[in-house]
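Got your viewer open? Let's take a walk through this protein, one selection at a time.

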Amino acid sequence: MFSGSIPALVTPIRDGVIDEKAFRALVDWQIESGSSALVPCGTTGESATMTIEEHDRVVRVCIEQAAGRVPVIAGCGSNDTAVALHHMESAKAAGADAALIVPPYYNRPNQEGVLAHFRALAAGCDLPIMLYNVPARTIVDISVETMGELAKLPTVIGVKDATGNAARVSAQREACGKEFIQLSGNDDMALGFMAMGGVGCISVTANVAPRECADFQDAIAEGRWDDALTMQDRLYPLHAALFTDASPGPVKYAMSKIRPGFPTELRLPMTPPSAASRAAVDAALAHAGII
């Protein structure tokens, strides 16, 4: 259902307001550049500092602009089960193809709480759910055993795995079945992740290099592993540079370099990337042949 290069879209902000014109242009560029699906309102999209109304609006705009050309996986996560359910219902009404949902952050539920959270969401809305396992941000890990239980729910279809543990791919194939969709949440590890059974990447780098990331995924899907390794070597410094400071600061800076006029504004508590981070991004863009 989902595979290939799937950007976790940045949200352009200008003078404190979401710039819908720039966002629509970003959606078009991503689709024209070969991205296979889109994720609005993920972590990279600064969903944590959006109002509920802004969040729902960004998802609607993405779906409107995509106009059925590619699927849209709407970020719907919250540490409040009721709010996550609201986002799912709003995304479904807008025409989203799936919801991307983290386990509750800050609350730190145990595994029973994680199960109860996702079971309540699946019972409350039949929009397909992609789990998003990112314990570095949520503190809570969706264990392999818990994921195996969640995979039994008919609407839980896969995972964006940002654990940084490649062995989880094999463990989750065993626990959840080989048809369970596994997407890498780490650009730098996507090559190994795919070799172990992944089918794509929800990517930060694809914001900046959508064609390159799409070509990389195509090479893997076609079994051209030598070509994929060459592309990995070309893109690896960029994967690293985009996390040399708090994300999405470096990503928005990179966007402004390749799409002049793209707003770099962030919402507090996020602040602009350091001079060292900007220099790393500049060098990585040059290494990748993007500028």
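Start by selecting Glu212. Leaving aside its neighbours within four places in sequence, Glu212 is in contact with Met231, Arg234, Leu235 and Ile290, where contact means heavy atoms within 4.5 Å. Show those four residues together with Glu212. You'll find Glu212 in helix α9, residues 210-221. Helices here are DSSP runs of H or I with at least four residues, strands are runs of E with at least two, and both are numbered from the N terminus. Is Glu212 buried or exposed? Glu212 is buried, because its relative accessible area is 19%. The labels work like this: buried is under 20% relative accessible area, exposed is over 50%, and partly exposed is in between, using a 1.4 Å probe and protein chains only.

A quick note before the next stop. This is a predicted model, in which local features need pLDDT of at least 70 and side-chain atom pairs count only at pLDDT 80 or more, while totals for chains, interfaces and linings use all residues. Residues are numbered from 1 along each chain as its sequence is written, and side-chain values use heavy atoms, with hydrogens and water left out.

**Zoom out**

Now show the whole protein chain as a cartoon. You should be able to trace twelve helices and nine strands. The C-alpha trace spans about 45 × 45 × 35 Å along its principal axes. The radius of gyration of the protein chain is 18 Å, which agrees with the value near 19 Å for a compact globule of 291 residues. That radius is taken over C-alpha atoms, and the globule rule is 2.2 Å times the number of residues to the power 0.38.

How much of the chain is buried? Of the 291 residues, 53% count as buried. Among contacts between residues at least 6 apart in sequence, 72% join residues at least 24 apart.

Switch on a surface if you like. The protein chain exposes about 11,700 Å², and carbon and sulfur atoms supply 53% of that.

**Into the strands**

Select residues 156-161, which make up strand β7. This strand is mostly covered, with six of its six residues buried. Add residues 129-133, and you have strand β6, which runs parallel to β7 and is joined to it by five bridges. Two strands count as paired if DSSP finds at least two bridges between them. Look for Asn133, which stands opposite Asp161 in β7.

Next, add strand β8, residues 181-184. Four bridges pair β8 with β7, again in the parallel sense. Here you can find Val159 opposite Gln182 in β8, and Asp161 opposite Ser184 in β8.

Stay on β8 and turn on the side chains. Which ones point the same way? Ile181 and Leu183 point one way, Gln182 and Ser184 point the other way, and all are buried. In a regular strand the side chains alternate between the two faces of the sheet.

**Two close approaches**

Follow the chain out of β7 to Asn165, in the loop between β7 and α7 (167-176). Asn165 is partly exposed, because its relative accessible area is 38%. Try the distance tool from Asn165 to Met189: they are 24 residues apart in sequence and 9.1 Å apart in space, C-alpha to C-alpha.

Now pick Gly192, in helix α8, residues 190-195. Gly192 counts as partly exposed, because its relative accessibility is 36%. Its C-alpha lies 7.1 Å from that of Ala166, although Gly192 and Ala166 are 26 residues apart in sequence.

**Backbone oddities**

Jump to Arg108, in the loop between β5 (98-101) and α4 (111-124). Arg108 has a positive phi of about 60 degrees although it is not a glycine. With a relative accessible area of 60%, Arg108 is exposed.

Then try Ile139, in the loop between α5 (135-138) and α6 (144-150). Ile139 isn't a glycine either, yet its phi is positive, at about 75 degrees. Ile139 counts as exposed, because its relative accessibility is 53%.

Your last two stops are prolines. Pro248 sits in the loop between α10 (225-241) and α11 (249-258), and the peptide bond from Ser247 to Pro248 is cis, with omega near 15 degrees. Finish at Pro269, in the loop between α11 and α12 (275-287). A cis peptide bond joins Leu268 and Pro269, with omega about 15 degrees.

Terms used:
Areas by Shrake-Rupley, 256 points an atom, 1.4 Å probe, with all protein chains shown as cover.
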